[in-house]
Structures are given as structure tokens and as C-alpha cells.
Amino acid sequence: MNDSLIYLAWTVTKILAIVIPVTISVAMFVYAERKVIGFMHSRMGPNRVGPLGLFQTFADVFKLIMKEVILPTSANRFLFILAPLITLAPALAAWAVIPFSAKMVLTNINAGLLYVLAMTSLGVYGIIIAGWASNSKYAFLGAMRSAAQIVSYEIAMGFALVGVLIAAGSLNLVEIVEAQQGGVWNWFFLPLLPLFVIYFISGVAETNRAPFDVAEGESEIVAGFHVEYSGAPFAVFFLAEYANMILIAALSTTLFAGGWLSPFPALIPDHSLWFFLKTFFFCFLYLWFRSTFPRYRYDQIMRLGWKVFIPITIVWILVVALMVVQQWLWWAP
């Protein structure tokens, strides 16, 4: 009995050691977004609350928590409250299999890639339920837009992961990273370059971020699927969106950029610090895209996903499979 309690306590400790830093990273990510976009637009960004404006995001969090939660009269109360949790839970649960180094991983399961794909696919349910439970035409329209967009780009992301599976020969995320040993020229972003580009862009679309943010197009449908939300439930949606962005950046690092591996192992040793630096770079791309590109039209988004990304991924999967069958594994360590 004591051993079971110790194991449970140790597992909970490891979970909190991941969830709490991810939550704090979301706050810092919001601050970085405001600063980076402010710099790119020749503005100051937050600079009043705390030193260098560092406490501005936390002030916003406290403001949202203390605001009244307004429930629409005709909304489904249970589903209305449940939807933000359904959106947030998969974004946090997926971190269970993300390896920060060869030994720093909560659960090193063999089907880690399949688990990640399953978790990232569940977030769409929270969005659909939020739009429907609100009993608002604007919210429902935003939910339908977002669901169609997520499902469309989820297919392209899935095909991109198939390419990684073929190249690495494993579903285990630690083994996928270890298959990229040997320096930057052995990382999968080179042999799988089309899949890498499509995966990251699809990740931007799946998180409803600019230039794919038609689901939250304020000039068209107010605020999309969460237009009826306020206070803490809205803050949970906000947290889920940014947690998903960090997750996509971490997965891009793990699957295509060598994870914790050093780009020049002969000069600089492998370290978990490399994982965080690469993830930070991919997070920066999210901010760069938002401040640079105009929003796509909805029909352009659908056309890009179905008529461009999916055919390219199918063709490149065949190319990678041919390379593996013929033993043209020039990227293998």
C-alpha cells in the first residue's frame, strides 16, 4: 500500500513539474507576443505593470478570474462549462510523452506518436461543443469554421507524421529523436522538408492562429466560438490556445529538428537546453507570422489544405518509402 502511494505521489509530482512550467510559459508567451509584435510594428508593447511590463499578463489573468461568468439564458449549462476543459485537457495531456532529453520524459511509451496524434485531435470537440452549447448563431458559425479547418489540416498533419514514422522506423518519440543523431544534416527536416513545412503550417492553422484565424475573425463574426464566454472559462480557452501553440512547437522540434540533440555534436554536447532553444524558435515563428501575413479567406484556407497540402504529403510519403526500401538512408546516423 505504501509503495502504491509513493508511486502515485511521485507520478503526480512529475505531472505538476510539467503542467506548472507549461502554464507559466503560456503567460510568458503572451508577454513575448505583445513585445515582439510591438517591436515589429514600431510600438512599445507592455511596459507599465511590473519591471519591463513583465506582470502585465498576470494582471490580465487575475482580471479574467475575478470577472463574472455570464451564462446565456438559453445555453446548455453543463456543456457550456465543460467545453473549455475539453479543449485544455488534451493540450496538457499530450506533454506526457514529449521527451526533453533521453531520460527526461514522463511516459516513454512505444506508441508515443499515435498518442500525440490522438490527443491533438480531441481539442476540436471542445470547440464544437462550445459553439453549440452557447446557443448563439455567431458562436456556432465560428465553431463550424474552426472544426472544418482543424479537421482539414489534421489530415495533412497526420500524413506528415506518417513520413516521420517511415524515416525513423518507430512510433516512440525518444527513438525518433535518436534516429536523428549525427548533427544538423541528419535531422529529419532535410529529407522530409515538404512534410516539415506542411506540418508546421498545419499546426498554425489547427491552433486558429493568424493568418488562419478566420474562426476568430473579429471583423466578421465578433470572436468566433467563444463569443459568449467571459471570465475564467474564457481564460481557459485562452490558455488552451497558447498551450497548443507551445505543444506544436515542441513536436516540430522533436519530430523534425533533432529534439535535445546538438546541431554540432563534435563541438557542443547534446543537452535538454537544445530542446528548449529550438522550441523557442518555433514559438517565435508563430509571432512572426501573426505580425506579417494578412488573414486568409475561408475558401483559400480550405483550398490550401485539401488541394495543396494533402496531395504533397501523399507524394512525399511515397518518396520517403522508396528511399527506405532502396536503403538510400543518407540521413541515418
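Reader: Why does Asp60 count as buried?
Author: Asp60 has a relative accessibility of 18%. Buried means under 20% relative accessible area, exposed means over 50%, and partly exposed lies in between, with a 1.4 Å probe and protein chains only. The 18% of Asp60 is under 20%, so Asp60 is buried.

Reader: What kind of model is this, and which residues and atoms count?
Author: The model is predicted: local features need pLDDT of at least 70, side-chain atom pairs count only at pLDDT 80 or more, and totals for chains, interfaces and linings use all residues. Residues are numbered from 1 along each chain as its sequence is written, and side-chain values use heavy atoms, with hydrogens and water left out.

Reader: What makes the pair of Arg34 and Asp60 a salt bridge?
Author: The closest N and O atoms of Arg34 and Asp60 are 2.7 Å apart. A salt bridge needs a side-chain nitrogen of Lys or Arg within 4 Å of a carboxyl oxygen of Asp or Glu. At 2.7 Å the pair is within 4 Å, so the term applies. Arg34 is in helix 1 and Asp60 in helix 2, 26 residues apart, and the pair links distant parts of the chain. Helices here are DSSP runs of H or I with at least four residues, numbered from the N terminus.

Reader: Is Arg34 buried or exposed, and what value decides the class?
Author: Neither: Arg34 has 31% relative accessibility and therefore counts as partly exposed.

Reader: Which parts of the chain does the salt bridge of Arg295 and Asp213 link?
Author: The closest N and O atoms of Arg295 and Asp213 are 3.0 Å apart. Arg295 is in the loop between helix 10 and helix 11 (298–325), and Asp213 is in the loop between helix 7 (193–206) and helix 8 (218–221), 82 residues apart. Asp213 is buried because its relative accessibility is 15%, whereas Arg295, at 31%, is partly exposed.

Reader: How many residues separate Arg303 and Asp299, and what joins their side chains?
Author: Both lie in helix 11, 4 residues apart, about one turn of the helix. Their side chains meet in a salt bridge at 3.2 Å, N to O. Arg303 is partly exposed at 40%, and Asp299 is partly exposed at 33%.

Reader: How many salt bridges are counted, and which residues are linked in a network?
Author: The count is 7 salt bridges. Glu33, Arg209, Glu241 and Arg290 are linked in a network of them.

Reader: Where does Glu241 stand with respect to the largest pocket?
Author: Glu241 is one of the residues nearest the centre of that pocket, along with Phe237, Phe238, Leu239 and Tyr242. The lining has 49 residues, and helix 9 (231–256) is among the elements that give two or more of them. Helix 9 gives the most, with 12 residues.

Reader: What makes a space a pocket, and what volume does the largest one have?
Author: On a 1 Å grid over the protein atoms alone, a pocket is an open set of points with protein on both sides within 12 Å along at least five of seven lines, while a cavity is a set where a 1.4 Å probe fits but cannot get out; lining residues have an atom within 4 Å of a point. The largest pocket holds about 1,100 Å³, a volume being the space filled by probe spheres set on points joined across faces, edges and corners.

Reader: How many residues of each class line the two pockets?
Author: The largest pocket has 28 nonpolar, 9 polar and 12 charged residues in its lining. The second largest has 22 nonpolar, 3 polar and 1 charged. Ala, Val, Leu, Ile, Met, Phe, Trp, Tyr, Cys and Pro count as nonpolar, Asp, Glu, Lys and Arg as charged, and the others, Gly among them, as polar.

Reader: Which element gives the most to the lining of the second largest pocket?
Author: Helix 1 does, with 12 residues. The volume of this pocket is about 640 Å³.

Reader: What makes the links of Thr120 to Val116 and Leu117 polar contacts?
Author: The side chain of Thr120 reaches the backbone oxygen of Val116 at 2.9 Å and that of Leu117 at 3.2 Å. A polar contact is a pair of N or O atoms within 3.5 Å; within protein, one must be able to donate a hydrogen and the other to accept it, and residues adjacent in sequence count only if both atoms are side-chain atoms. Thr120 is in helix 4 (residues 112–133) and, at 16% relative accessibility, is buried.
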